[in-house]
Amino acid sequence: MPTTRSKRKARDEEEEEKERIANKLQRWQLSRFEETPEDARLNAEQLIQKLVEEWTCPITLELLIDPVVAEDNKIYERTAIENHFLKDPNSLTCKSPLTNVLMGKTLVPATHLVTSIGQVVSTGLVDPATAEKYRENKREHALARALILRAEAGNVNAMGRLGFSYRDG
């Protein structure tokens, strides 16, 4: 008949074995989800690529400079969606350029994206061609905005240049 001491020892050994197996199983399960540095780099690149896709205007196919949310809950470049609205200037509604569903013409600025897009581009995480095109569009937008402000302030030369810009596209 086994003694109490030997029963206790057998029970302790059994518990230790169960614990070893449980730890081994847990390490195996965790190892399935552990990323190597290469995996992490690839995941980061995929995330950046996904963000760039999300931050690309579906009309111009370029990174957003002045993003707005339209009533179809899609994000567009302001000038692109405003030009789309001009197809039917006398109506309060138009068809969404993406879904073809009737929507209003109210736009809400998405200024939170401006900073995020700028940061991603400035860190060099976007491919160089896309980054350069973004910087060029940003410069053009700033120049156009400055011209509009000067024209609104009464500068006759700015008014003339602005008029020619609208005429010439």
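# Close-up views of a predicted protein model

Asparagine 73 is exposed, with a relative accessible area of 64%. Keep in mind as you look around that this is a predicted model. The legends below begin with this asparagine and then move on to other parts of the chain.

**View 1. Asparagine 73 sits in a loop between two strands.** On one side of this loop is strand 1 (67-69), and on the other is strand 2 (75-77). What is the phi of asparagine 73? Phi of asparagine 73 is near 65 degrees, which is a positive value in a residue other than glycine. Asparagine 73 counts as exposed because its relative accessible area of 64% is over the 50% cut-off.

**View 2. Asparagine 100 lies in the loop between strand 3 (93-95) and strand 4 (102-104).** Although asparagine 100 is not a glycine, its phi is positive, at about 65 degrees. Is asparagine 100 buried or exposed? With a relative accessible area of 51%, asparagine 100 is exposed.

**View 3. The whole protein chain sets the scene for the other close-ups.** Step back for a moment and count: the protein chain has six helices and five strands. Starting at the N terminus, the order of its elements is α-α-β-β-α-β-β-β-α-α-α. The protein chain has 169 residues, and buried residues make up 21% of them. Its exposed area is about 12,600 Å², with carbon and sulfur atoms supplying 56% of that area. How many of the contacts join residues at least 24 apart? Taking contacts between residues at least 6 apart in sequence, 39% join residues at least 24 apart.

**View 4. Arg5, Lys7, Arg8 and Arg11 form a positive patch on the surface.** One member to look for is arginine 5, which lies in helix 1. Arginine 5 is exposed, with a relative accessible area of 69%.

**View 5. A patch of negative charge gathers Asp12, Glu13, Glu15, Glu16 and Glu19 on the surface.** Where is aspartate 12 found? Aspartate 12 belongs to helix 1, which covers residues 4-33. The relative accessible area of aspartate 12 is 42%, so this residue is partly exposed.

**View 6. Glutamate 136 and lysine 133 meet in a salt bridge.** Side chains of opposite charge can pair when their charged atoms come close. Here the closest N and O atoms of glutamate 136 and lysine 133 are 3.9 Å apart. Both residues lie in helix 5 (residues 128-152), and three residues, about one turn of the helix, separate them. Glutamate 136 is partly exposed at 32% relative accessibility, and lysine 133 is partly exposed at 33%. Which residues are linked in a network of salt bridges? The network links Glu62, Lys133 and Glu136.

**View 7. Arginine 139 pairs with glutamate 132 in another salt bridge.** The side chains of arginine 139 and glutamate 132 meet at 3.5 Å, N to O. Arginine 139 counts as partly exposed, with 46% relative accessibility. Glutamate 132 is also partly exposed, and its relative accessible area is 40%.

**View 8. Aspartate 168 and arginine 167 form a salt bridge.** How far apart are the closest N and O atoms of aspartate 168 and arginine 167? The closest N and O atoms are 2.8 Å apart. Aspartate 168 counts as exposed at 56% relative accessibility, and arginine 167 counts as exposed at 59%. If you would like to hunt for others, the structure holds seven salt bridges.

**View 9. Glutamate 82 and threonine 106 can be compared along the sequence and in space.** Glutamate 82 has its place in helix 3 (residues 78-85). Its relative accessible area of 34% makes glutamate 82 partly exposed. In sequence, glutamate 82 and threonine 106 are 24 residues apart. In space, their separation is 10.0 Å, taken from C-alpha to C-alpha.

How values were computed. Residues are numbered from 1 along each chain as its sequence is written. This is a predicted model: local features need pLDDT of at least 70, side-chain atom pairs count only at pLDDT 80 or more; totals for chains, interfaces and linings use all residues. Side-chain values use heavy atoms; hydrogens and water are left out. Patches are made of residues with over 30% relative accessible area and no salt bridge: like charges are joined within 9 Å, nonpolar side chains (Val, Leu, Ile, Met, Phe, Trp, Tyr) within 5 Å. Accessible areas come from the Shrake-Rupley method with a 1.4 Å probe; for residues, only the protein chains shown count as cover. A salt bridge is a side-chain nitrogen of Lys or Arg within 4 Å of a carboxyl oxygen of Asp or Glu. Lys and Arg count as positive and Asp and Glu as negative; His and the chain ends are not counted. The place of a charge is taken as NZ of Lys, CZ of Arg, CG of Asp or CD of Glu. Helices (H or I, at least four residues) and strands (E, at least two) are DSSP runs, numbered from the N terminus. Buried means under 20% relative accessible area, exposed over 50%, partly exposed in between (1.4 Å probe, protein chains only). Contact means heavy atoms within 4.5 Å.
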